[in-house]
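Biologist: Could you walk me through this one before I set anything up on my side? I'd like to hop between topics as they come up.

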Amino acid sequence: MYPAKEKTLEQYQVTGMSCAACSSRVEKAVSGVPGVTACSVSLLTNSLGVEGTADPAAIIRAVEAAGYGAALKGAKQNAGAGGSPSWADSDALKDHETPKLKRRLLFSVPILLVLMYFSMGHGMWGWPAPAAFHNHVFLGLFELLLAVLVMIINGKFFTSGFGSLVHGAPNMDTLVALGSGASFVYSLAELFLMILAQGEGQHETVMRYGMNLYFESAAMIPTLITIGKMLEAMSKGRTTDALKDLMRLAPKTAVLLRDGAETEVGIEDVRTGDVFVVRPGEQIPVDGIIQKGITAVNESALTGESIPADKAEGDPVSAGTMNQQGYIECRATRVGEDTTLAQIIRTVSDAAATKAPLARIADKVSGVFVPTVIGLALLTMLGWLIAGRPFSFAVARGISVLVISCPCALGLATPVAIMVGSGVGARNGVLYKTAAALEGAGRTRIIALDKTGTVTEGQPVVTDVVPLGRERNDLLSIAASLERGSEHPLAKAVTAAAEGLPLAEIRDFEALPGHGLRAVLDGEELLGGSLSFLRSRGLVRGDVEARANALAEEGKTPLLFSRGKALVGIIAVADPIKADSAQAIRELQGMGIRTVMLTGDNARTAQSISRQAGVDQVIAGVLPEGKAEVIRRLKTLGKVAMVGDGINDAPALTLADSGIAIGAGTDVAIDSADIVVMKSRLTDVTAAIRLSRATIRNIHQNLFWAFFYNAICIPLAMGLYGVAMKPMYGAAAMALSSFFVCMNALRLNLVDPHDPKHDRKEKTVPASALLEIVAGETKKEEITMTKTLKVEGMMCQHCEARVKKALEAIPGVESAVADHSAGTAVVNLSAPVDDQTLRAAVEAQDYKVLGVE
């Protein structure tokens, strides 16, 4: 049993955080709680994600001891119960901050404008004012009153800032509080000196002190920061739009069918097994199976597929999708937090609650940022005083350093990009389970692809129809008439190809295990089966055998059919590559990513598919455990992503740097995968990597801006460039820095993950190094103790699979590769196994063993 990559993540809502220093403080406090194995704090969503066995009460106490508030987002609901889980409540993502900040600005800005008019307009530029304001002391007292009002309105900066300072964890609010407070205290001291000077009649001294008042800065700093906070809150709110849109898809009611009557109930009252009805134009309330009706369902919100999917009785439907055509009755199979929609919401939410490796750089800086800035402000003041500059000049420079520094930009640089990137992925049917998965996919250098169901369709279809002396439809009609009595997968492919054609009534139908089919039509014997079967009846000419062998060389299974004593044609069946596989592999190679196809099939089939798809290398005859070993070897060359179905490929998906489960459909909770692709398109894998790379670039831009801003602006505020910056200008710059980071992250919404136009080819793993790994795997297979069985009766890949499964169930058999075209089964042994045991296992499946070598 291979361990699942996904770990249980408990989420908490945290209150009181204002910047990266706060999130760093909370993370440090929670990490010290016994039982916590990992934790991460998202400043964007004010959430805390915790892994481990720690008691929630202990975690909440640790957060509160650090000076913040915390509450568990919600517990898992009972199985079978309906309703929306508390973590999926859109109210948790509702923008509660912007209305509060707007109210503060509504009161602050008018008072600030009055203050600026008298302090700068009248005091500096001589704008008109009542006669009383010509008295500098009166003007100073009036400015004091207005500044106090603005500081009270924005009192949260001071309570939070000084409170954090008391707890030994200064944050951004501390910088604002210190900057504004220092301006106010300094101005208050100057005002007292003015009053004393006026009492002594020293009017020139009064005027000189009056020029050093910074009451307008004391009020301007918290007001400008509030404007910045509001812009930041609004842009942060937009980064969660994708998640909120998903939450809005969750219906609030359902119409249940009880005792033949329709009853509308709240979604929380729906239980597994209930029968619900959905009319055209209504949303499907929970996951279910259609019991009655035919319709088309728009699943674009979940899968990104814009074309409605046709649904009939027995087909699954998902919560949040739109019924577009017919009336349907469905039986509920998954409700509440078990629905596909709820799992998608949880996946995106969990990704936002985790932390990307790139964020560690910002975290390390944020932890010491605020204390460092306070130290720089004090050094700035001291330096200018030593340099002989006036105390007022030194104080202004120190205040500017405090208010221009911005730890928020550092803290938001990564999470806003992760949230937007995760949302864009969800809209396109790509789910990143963690922030690390979103970042890691973009660093992929090699992609290992499972063949069946990933590169190929996973279902056999007719690829070639070769009539011999008849019309094409006649051959299909005869073949389907014979094959419709068989349950073999190849028979289903033939009957599907003949859909709509008239079929004849046959009699005396007989399935010959491991050989083919026999029946009688209008007194003539019908035969159908493998080349060897028809050859044994003496019906195959040399040119026909050559054509059948040529089809086999292409990785196809040729089925021959005869009527009476003459062959009527060949029908080739194969598991074809998906329509987009070759395009997807070209796009991956265009991004500098090497592709390796892994398959348990024989080498001939694997090489044929490899040529069609254009992969760089192929390794055939590999067991699931062997795939994991190949991944381990490939990882020595660089970051490796494994793409598979999440079931048979679980070992390889778990071991790869990025495990990508493709074609998940409604099962998005595949434990072994880091990334889940809802549709079965290989181009969605390239989209996942393309979006990851775009997100990484965006994070780099944000981090560069955050570091560049502080690296340039702090020395500027210190006065090192010969510019005496006013504190209010510093506050304005700080207010805009976080807003810039959020707006830059929102540009990810413009990224089209399926558009290769802007792909860049990054450093590619050398072909020789990749070939060495592949050759090593091949050589390893060659030196393993092997036996070759001559097997008669295998007709297709499904026959190969039966023989392979039977042989690998024998103790001592490490792996087996069956080839129906060659009529062999090659067995790799890890311990001696006698020939009779191998023979018995194969013949128990109704195939004949002609010999063992």
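Biologist: What does the charged end of arginine 397 sit over?

Modeller: This is a predicted model, and in it the charged end of arginine 397 sits over the ring of phenylalanine 393, 4.5 Å from the centre of that ring. Arginine 389 also lies over the face of phenylalanine 393, in its case at 4.0 Å from the ring centre.

Biologist: OK, staying with rings, how many aromatic pairs does a search of the whole structure find?

Modeller: The search finds nine aromatic pairs. One of them joins phenylalanine 184 and phenylalanine 215, whose ring centres are 5.7 Å apart and whose planes make an angle of 65 degrees, an edge-to-face arrangement.

Biologist: And where do phenylalanine 184 and phenylalanine 215 lie?

Modeller: Phenylalanine 184 belongs to helix α6 (residues 172-199) and phenylalanine 215 to helix α8 (residues 215-239), so the pair ties together parts that are 31 residues apart in sequence. Phenylalanine 184 is buried, at 15% relative accessibility, and phenylalanine 215 is buried as well, with a relative accessible area of 0%.

Biologist: What about phenylalanine 704 and phenylalanine 708, and why is that pair stacked?

Modeller: Their ring centres are 5.5 Å apart and their planes meet at 15 degrees, so the pair counts as stacked, given that the cut-off for stacking is planes under 30 degrees apart. The two residues are four places apart in helix α25 (residues 683-718), which means that about one helical turn separates them.

Biologist: Is phenylalanine 704 buried or exposed, and what about phenylalanine 708?

Modeller: Phenylalanine 704 is exposed, with a relative accessible area of 57%, whereas phenylalanine 708 is partly exposed at 39%. Elsewhere, Tyr117, Phe118 and Phe142 form one aromatic cluster.

Biologist: Switching to packing: how many residues does the largest nonpolar core have?

Modeller: The largest nonpolar core has 133 residues, and Val30, Leu48, Ile59, Ile447 and Val685 are those with the most contacts inside it. Helix α25 gives the most to this core, with 14 residues.

Biologist: Which residues does isoleucine 447 touch?

Modeller: Leaving aside residues up to four places away in sequence, isoleucine 447 touches Leu588, Ile593, Arg594, Thr595, Val596, Ala641, Val643, Val685 and Ile689. There is also a second, separate core of 41 residues, which includes Leu490, Leu521, Val568 and Met795.

Biologist: Met795 rings a bell. Which residues does glycine 516 touch?

Modeller: Beyond residues up to four places away in sequence, glycine 516 touches Glu510, Ala511, Gly528, Gly529, Phe533 and Met795. Glycine 516 lies in strand β18 (residues 516-521) and is buried, with a relative accessible area of 5%. Its C-alpha atom is 6.9 Å from that of phenylalanine 533, although the two residues are 17 apart along the chain.

Biologist: And glycine 555, where is that found?

Modeller: Glycine 555 is in the loop between α20 (542-553) and β20 (557-563), and at 8% relative accessibility it counts as buried, because the cut-off for buried is under 20%. Its contacts, not counting residues up to four places away in sequence, are Ala574, Thr605, Ser608 and Gln797. From glycine 555 to valine 573, which is 18 residues away in sequence, the C-alpha to C-alpha distance is 9.2 Å.

Biologist: Now a charged one: is aspartate 819 buried or exposed?

Modeller: Aspartate 819 is buried, with a relative accessible area of 12%, and it is found in strand β28 (residues 813-819). It touches Asn602, Arg604, Met794, Glu800 and Thr824, again not counting residues up to four places away in sequence.

Biologist: Strands, then. In what sense do β9 and β10 pair?

Modeller: Strand β9 (residues 295-298) pairs with strand β10 (residues 309-311) in the antiparallel sense, over three bridges, and alanine 296 stands opposite aspartate 310 in β10. Two bridges also join β9 to strand β12 (residues 322-323), again running antiparallel, where the bridge partner of asparagine 298 is methionine 322.

Biologist: Last thing, the whole chain: how many helices and strands?

Modeller: The chain has 29 helices and 30 strands, and buried residues make up 55% of its 853 residues. Of the contacts between residues at least 6 apart in sequence, 70% join residues at least 24 apart. The accessible surface comes to about 35300 Å², with 57% of it belonging to carbon and sulfur atoms.

Note on methods
Residues numbered from 1 in each chain as written. Predicted model: local features only at pLDDT ≥ 70, side-chain atom pairs only at ≥ 80, totals over all residues. Heavy atoms only, no water. Buried < 20%, exposed > 50% of the residue type's maximum accessible area, 1.4 Å probe, protein only. Contact = heavy atoms within 4.5 Å. Areas by Shrake-Rupley, 256 points an atom, 1.4 Å probe, with all protein chains shown as cover. Phe/Tyr/Trp six-rings, centres within 6.5 Å; stacked < 30°, edge-to-face > 60°. Lys NZ or Arg CZ within 6 Å of the ring centre and 35° of its normal. Core = buried A, V, L, I, M, F, W, Y, C linked by side-chain atoms within 4.5 Å. Pairing = 2+ DSSP bridges.
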